[in-house]
Amino acid sequence: MSPTEGAATFTAGGDAYDAFMGRYAVPLAPLFADVAGVTPGQRALDVGCGTGALTGELVRRLGAHRVTGCDPSPLLEACRARHPGVDLRAGTAEDLPYDDGSLDLAVAQLVLHFVTDAPRALSEMRRVVAPDGRVAACVWDSTGGMRMLTAFSDAVREVDGQVPERLRRWPCGHSGELSQLLTDAGLEDVAETELQVGSRYDSFDELWSTLTLGTGPAGAHLATLSRDAQRALRTAYLAQVGSPSGAFTLGAVARAAVGTVTGH
C-alpha cells in the first residue's frame with residue numbers, strides 16, 4: 001500500500017476516524033508515550049499524526065510549542081483544528097519535512113501499517129532526531145490482537161472465501177518484527193513491548209455503524225459491496241464478535257518498540 005493509497009482510506013473526516021479507530025488510539029496514546037519516554041523539554045515529532053490522538057498527549061506533556069506533526073491525509077486538518085499552536089505539516093513518513101537532528105523524539109502510532117517502505121520511514125525518523133534522542137513506533141499486533149479488525153477480516157473470509165490484500169494481517173505486527181526494523185535502521189538499545197487497550201460499544205449496531213463511515217481499509221472495503229453483500233457480511237461479523245445482545249467491549253493489543261539514536 002503506497003502512502004497515497006493509505007491516505008486515501010482516511011478521507012471520511014476526523015469525526016468518522018474517531019468513531020472508528022480514535023476510540024482505540026486515544027487510550028493507546030499515553031501508554032505509547034510512556035514507552036517512548038516522553039519527558040518535559042523534548043522537541044517531539046508525531047509521524048502520521050492523523051486527527052491528533054497522540055499529538056494531544058504530546059501537547060499535554062510537552063506544550064504545543066514543542067510538538068510538531070505531519071500526515072499526508074486530510075485528517076491533518078482535523079488535527080490542526082484540535083491542536084492550535086502545534087506546527088503541523090503535510091508529508092509522508094518516508095520523506096519527513098524536517099532537518100537532520102532537529103528533534104529529540106520521533107514517534108509513529110499506528111502508522112507503519114500504511115507506509116510503502118517501513119525501513120525508509122524509520123531511517124527518516126532516525127535522521128531527524130539528534131544523538132541521544134529516541135525513535136518509537138507502535139502497530140496493532142498481527143496475530144489477532146486487534147479484535148475489531150481481525151473479526152471483520154474473518155467475517156469477509158467466511159462470506160467470500162478469501163480476504164482482499166488490504167484486509168490481510170498487517171505488516172510489522174508479529175513479535176520481534178518492529179524491534180528488528182528499528183535495529184536495522186541503526187537505532188541502539190531497542191526494546192519492544194505489548195500495550196493493551198479496549199473500546200466499549202453500547203450495541204453491535206454501534207460497532208457496525210463505525211464501519212459504514214468508510215474509514216480505513218475495512219470501511220473502504222465495505223463501501224464497495226452491494227446491499228445484499230453488506231447484509232451477509234454484517235451477519236457473519238455479528239457472529240465473529242460473539243453475537244452480543246447489549247453492551248460489550250473489544251480488546252486490542254499493540255506492539256511498541258523504542259530505540260536510541262547514537263549518531264548519524
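A residue is called buried here when its relative accessible area is under 20%, exposed when that area is over 50%, and partly exposed in between, using a 1.4 Å probe and protein chains only. Q109, at 8% relative accessibility, therefore counts as buried.

Welcome to this structure. The model is a predicted one, so local features need pLDDT of at least 70 and side-chain atom pairs count only at pLDDT 80 or more, while totals for chains, interfaces and linings use all residues. Residues are numbered from 1 along each chain as its sequence is written, and side-chain values use heavy atoms, with hydrogens and water left out.

## The sheet

Helices (H or I, at least four residues) and strands (E, at least two) are DSSP runs, numbered from the N terminus. Two strands pair if DSSP finds at least two bridges between them. How are the strands of the open sheet ordered? The order of its 7 strands is β3-β2-β1-β4-β5-β7-β6, with mixed pairing. At the edges lie β3 (87–90) and β6, each of which pairs on one side only. On average, neighbouring strands of this sheet are turned by 20° against each other, direction ignored. As general background, strands of a sheet pair through backbone hydrogen bonds, either parallel or antiparallel. Here, β6 and β7 pair in the antiparallel sense over 12 bridges, and S199 stands opposite L250 in β7.

## Helices against the sheet

Contact means heavy atoms within 4.5 Å. Angles run from 0 to 180 degrees between N-to-C directions, and axes are lines fitted to C-alpha atoms, for helices over the stretch in contact. Helix α3 (residues 53–62) lies across β1 (44–47), β2 and β4, and runs at about 170° to β1. Helix α5 also packs on the sheet, where it touches β1, β4 and β5, and its direction makes about 150° with that of β5.

Now to helix α7 (residues 177–184), whose buried residues are L178, S179, L181 and L182. Seen down the axis of α7, these buried residues fall within an arc of 155°, so they line one face of the helix; the arc is that of the directions from the helix axis to the C-beta atoms. What do the buried residues of α7 pack against? Their partners are α5 (118–128), β5 (129–140), β6 (188–201) and β7 (248–260). After α7 comes G186, with a positive phi near 95°.

## Q109 and G69 in their strands

Q109 belongs to strand β4 (residues 103–109). Its side chain reaches the backbone oxygen of A25 at 3.1 Å, which fits the cut-off for a polar contact: a pair of N or O atoms within 3.5 Å, where within protein one must be able to donate a hydrogen and the other to accept it, and residues adjacent in sequence count only if both atoms are side-chain atoms. Leaving aside neighbours within four places in sequence, the contacts of Q109 include A25, L28, F32, V47 and C138.

G69 sits in strand β2 (residues 67–71) and is buried, with a relative accessible area of 0%. Between G69 and V47 there are 5.8 Å in space, C-alpha to C-alpha, although the two are 22 residues apart in sequence. Beyond its neighbours within four places in sequence, G69 is in contact with residues including L45, D46, C49 and Y98.

## Cysteines

A disulfide is a pair of cysteine sulfur atoms within 2.5 Å. How many disulfides does a search of the whole structure find? The search finds 0. For C49, the closest cysteine sulfur is in C79, 4.1 Å away and too far for a bond. C138 is in no disulfide either, as the nearest cysteine sulfur, that of C172, is 11 Å away.

## Loops, strands and accessibility

H83 lies in the loop between α4 (75–82) and β3, and is in contact with T51, G52, T55 and G56, leaving aside its neighbours within four places in sequence. L110 is found in the loop between β4 and α5; its phi is near 60°, a positive value in a residue other than glycine. D132, placed in strand β5, also has a positive phi, near 80°. Is D132 buried or exposed? D132 counts as exposed, as the table shows.

| Residue | Relative accessibility | Class |
|---|---|---|
| C49 | 6% | buried |
| C138 | 0% | buried |
| H83 | 15% | buried |
| L110 | 10% | buried |
| D132 | 65% | exposed |
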